[in-house]
Amino acid sequence: MTSVVIVESPTKARTIKDFLPKGYKVVASMGHVRDLPQSAAEIPEKVKKESWSQLGVNVDKDFEPLYVIPKGKKKVVKELKTAIKDADEVILATDEDREGESISWHLLEVLQPAIPSKRMVFHEITKTAISNSLKNCRDINHSLVRAQETRRILDRLYGYTISPLLWKKIATGLSAGRVQSVSVRLIVLRERERRAFKKGSYWDLKAGLAKDKTQFQAKLHSLGGKRIASGKDFDENTGKVAKGKNVLLLDEKEARTLESRLLDSPWKVKSVEEKKSSTKPAPPFITSTLQQEASRKLRLSPRRTMQVAQGLYERGFITYMRTDSVNLSDQAVKAARKSVVSMYGDEYLTTKPRIFKSKSKGAQEAHEAIRPAGSSFTLPKKSGLAGMELSLYELIWKRTVATQMVDARQIHITADIEVDEAIFRAKGKRIEFPGFFRAYVEGTDDPDEVLESKEIILPELKTGEKVKCKELTADGHETSPPHRYTEASLVKKLETEGIGRPSTYATIIDTIVSRGYVRIMNHTLVPSFTAFAVTELMEEHFDDLVDPGFTAKMEQVLDEIAGNKKEQLPYMKKFFLGKKGLQKKTTDKIEEIPPSKFRQLEFPGVKAKVCIGRYGPYLETHDEEKVTASIPQDVSPADLNQETVDLILMQQKKGSEELGIHPETNQPVYLLNGTYGPYVQLGEIEEGKSKPKRVTLPKGMKETEVNMDIALVLLSLPRELGTHPETNGRIMVGISRYGSYLVHEHPTDGKDYRSLNLPDSIIDINMERALEILSVPKRSRRKSAEPLRELGAHPDDSSPVNVFIGPYGPYVKHQKTNASIPKEIDHTEITLDQALDLLKAKAAGKTRRGRRKKN
């Protein structure tokens with residue numbers, strides 16, 4: 001009997017193949033084999049004239065979706081049909097979530113097998129899990145399929161209905177999305193809070209104290225019985241101490257007077273208090289918490305985290321990585337407890353297993369948390385992993401093992417030191433027993449927060465004892481605006497609000513960045529002015545669609561559909577076709593919303609308007625005459641004040657002045673300011689003609705330094721310095737988006753680029769200095785790696801196929817194609833035939849990805 005097992009990816013296919021009995025063939029569908037049409041070219045001719053065809057959903061026929069097989073998947077479908085032609089049964093082994101269930105259902109609909117079919121699910125790829133799942137196959141769960149289909153249709157209706165309105169009312173190329181638009185609004189709301197924030201200032205004193213030979217720090221806590229004001233006492237909207245706060249606010253003069261008075265006064269311990277506490281380990285990872293911790297500790301984006309986790313799952317290292325359950329199976333608990341004893345000892349093991357339950361309403365307890373796979377957890381250092389795969393696996397291993405370790409016990413010490421009428425407070429912390437801290441300490445989004453495991457040592461202090469003041473410093477402070485969201489804190493917010501599903505968060509963040517709504521700056525999410533415009537329109541005319549509560553309720557409805565507790569059709573009809581449905585509302589709003597209202601933004605305290613233009617945001621003012629100026633990319637909405645506006649407009653007016661006439665072209669030369677900073681321009685913009693030449697000012701050069709001579713040098717770029725005395729190749733200097741550069745055009749070895757860094761200047765660099773720079777070998781240029789093994793010649797072109805060791809483990813290489821060697825194959829024994837199979841699968845994946853990009 002021959003059985004064909006269909007999975008999503010070649011990697012998963014290679015891993016699962018070794019755990020199946022003889023007679024089983026594993027093939028990959030490369031994800032979904034059909035979907036709603038992504039472009040007009042994919043719409044079948046027979047329905048192209050239908051009014052609903054662009055939407056891809058026939059809303060008048062019970063929201064019937066129009067499914068098409070994308071051009072890039074037709075070959076895959078053909079190969080799958082060939083694979084099952086002579087088989088006795090088809091086993092669908094796609095992932096166990098709604099997306100995986102949907103892929104299996106689509107496969108059945110497309111392949112229409114004449115042989116028996118069944119569904120096989122597992123949450124980890126191990127021999128035991130695969131063997132058990134083969135014995136417990138089931139039918140397709142149509143409730144899960146309906147929930148996924150409903151989500152897909154709702155997302156299409158939302159995006160394809162609202163987005164065209166945004167094109168008409170704000171700018172082309174914008175998009176709206178059920179979760180995307182709410183996420184953008186959350187980021188904009190935080191930026192509004194930063195704009196509304198009023199800075200407050202306060203002073204306090206910090207003392208460097210000593211008892212015997214131990215030094216410690218203490219801060220001024222109270223004066224004359226009144227607590228000293230700190231940042232938490234201020235009202236963010238006024239910059240003053242909040243009403244009802246009975247605190248003493250010190251200014252600089254008072255703080256410095258106090259400093260000089262107290263330094264030489266006697267200091268003694270007034271009181272010492274010790275308080276014990278214990279900390280429990282965090283639950284094992286679910287999708288969202290894994291993304292948050294990987295962002296904090298490994299600086300991985302949610303998308304990159306999921307890519308690495310997907311690879312670990314498909315290669316059998318971890319359980320399924322898309323889950324919202326913190327549940328651990330009995331097998332996992334036993335494996336974790338065994339790891340605790342072997343790595344840390346019996347005293348670190350809890351007396352009985354620690355059980356976690358999910359708080360999320362939609363969590364599916366049948367699923368498991370993300371953990372190392374198998375009945376025995378592989379130690380990270382023995383996994384054979386490298387690079388980011390090792391780092392993420394180690395994070396998951398430690399978090400899982402920590403769940404079965406005893407609480408960390410700490411002692412918190414608070415010592416009040418008295419000097420005259422002032423009280424200084426010193427705080428310490430001792431780890432009484434580290435418990436799970438030995439394995440894992442959770443990260444934090446607050447950069448000022450000390451990690452829980454860090455001890456703060458104080459000397460042994462007793463009431464009435466004298467201490468010596470070694471140093472006393474008056475410190476000034478300013479309150480800080482609310483922190484912008486990071487990728488990790490946005491994921492946490494979305495999860496807390498019940499918006500979207502953890503498996504979609506990575507895609508959402510990618511989308512809002514790629515669409516220009518948000519940019520990532522210093523690991524924080526900064527909204528654009530376009531994001532403000534879109535959010536204002538949505539709040540005024542589609543407030544329910546960007547209400548977190550509405551979006552969260554929609555997620556609950558999808559959960560109820562998945563649980564077979566709700567029908568999807570009545571809900572979709574009400575959402576889209578109802579009296580207050582999206583279709584009617586959007587049609588009315590297209591006529592109601594003035595064409596230019598939301599293309600202009602007004603900010604309190606700023607006289608100029610911010611306009612959303614075709615080439616980005618710009619300022620427009622009509623004081624004496626109309627003046628417009630591009631807003632530099634590094635100016636965020638929260639930072640835009642009148643002072644910044646005046647500076648931008650002044651630079652624009654100054655920059656518009658003519659520097660002179662070019663001696664060769666007789667065209668005017670201008671110094672201008674744009675979105676990406678100042679630049680020089682030759683000539684003027686004329687309709688019907690190509691854009692005039694523009695050159696960005698080199699890094700470090702100020703506008704005040706630019707005169708006609710410098711402008712002419714910049715406009716001559718790229719320019720030739722001369723020819724290399726050894727190769728006769730040209731040596732050129734130029735400027736690109738990455739900065740100033742020097743290039744040697746070698747007649748046979750190609751171009752050798754070098755960055756020009758200060759103090760070298762593109763304006764006055766000479767041939768002698770250029771040759772000196774080129775004579776220094778590139779630090780980044782590495783010698784080609786030596787192959788670990790030479791397997792032989794490729795049958796197609798006779799070029800070598802070799803084995804190499806890279807940062808992510810062993811791989812085989814043929815020309816420009818690299819293919820990772822799975823852990824099941826010993827790289828010291830891999831054969832040429834095995835290598836050719838790996839390379840073929842990798843090349844097929846590249847071809848499909850390339851085609852998708854073109855589409």
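Contact means heavy atoms within 4.5 Å. Keep that handy for the exercises below.

The model is predicted, so local features need pLDDT of at least 70 and side-chain atom pairs count only at pLDDT 80 or more, while totals for chains, interfaces and linings use all residues. Residues are numbered from 1 along each chain as its sequence is written, and side-chain values use heavy atoms, with hydrogens and water left out.

**Exercise 1.** Find which residues I170 is in contact with, leaving aside its neighbours within four places in sequence.

*Solution.* Step one: skip those close neighbours and list the rest, namely A533, V534, L537, F598, R599 and I612.
Step two: look at the core around I170. A nonpolar core is a set of buried (under 20% relative accessible area, 1.4 Å probe, protein chains only) Ala, Val, Leu, Ile, Met, Phe, Trp, Tyr and Cys residues joined through side-chain atoms within 4.5 Å. The largest one has 94 residues, and L166 and I170 have the most contacts inside it.
Step three: see who supplies it. Helix α5 (residues 142–169; helices are DSSP runs of H or I, at least four residues, numbered from the N terminus) gives the most, with 10 residues.

**Exercise 2.** Work out the strand order in the sheet that holds β21 and β22.

*Solution.* Step one: strands are DSSP runs of E, at least two residues, and two of them pair if DSSP finds at least two bridges between them.
Step two: read off the order, β20-β21-β22-β23, an open antiparallel sheet.
Step three: spot the edges, β20 (658–661) and β23 (693–696), each pairing on one side only.
Step four: zoom in on β21 (residues 668–674) and β22 (residues 677–682), which pair over six bridges.

Technical notes: Buried < 20%, exposed > 50% of the residue type's maximum accessible area, 1.4 Å probe, protein only.
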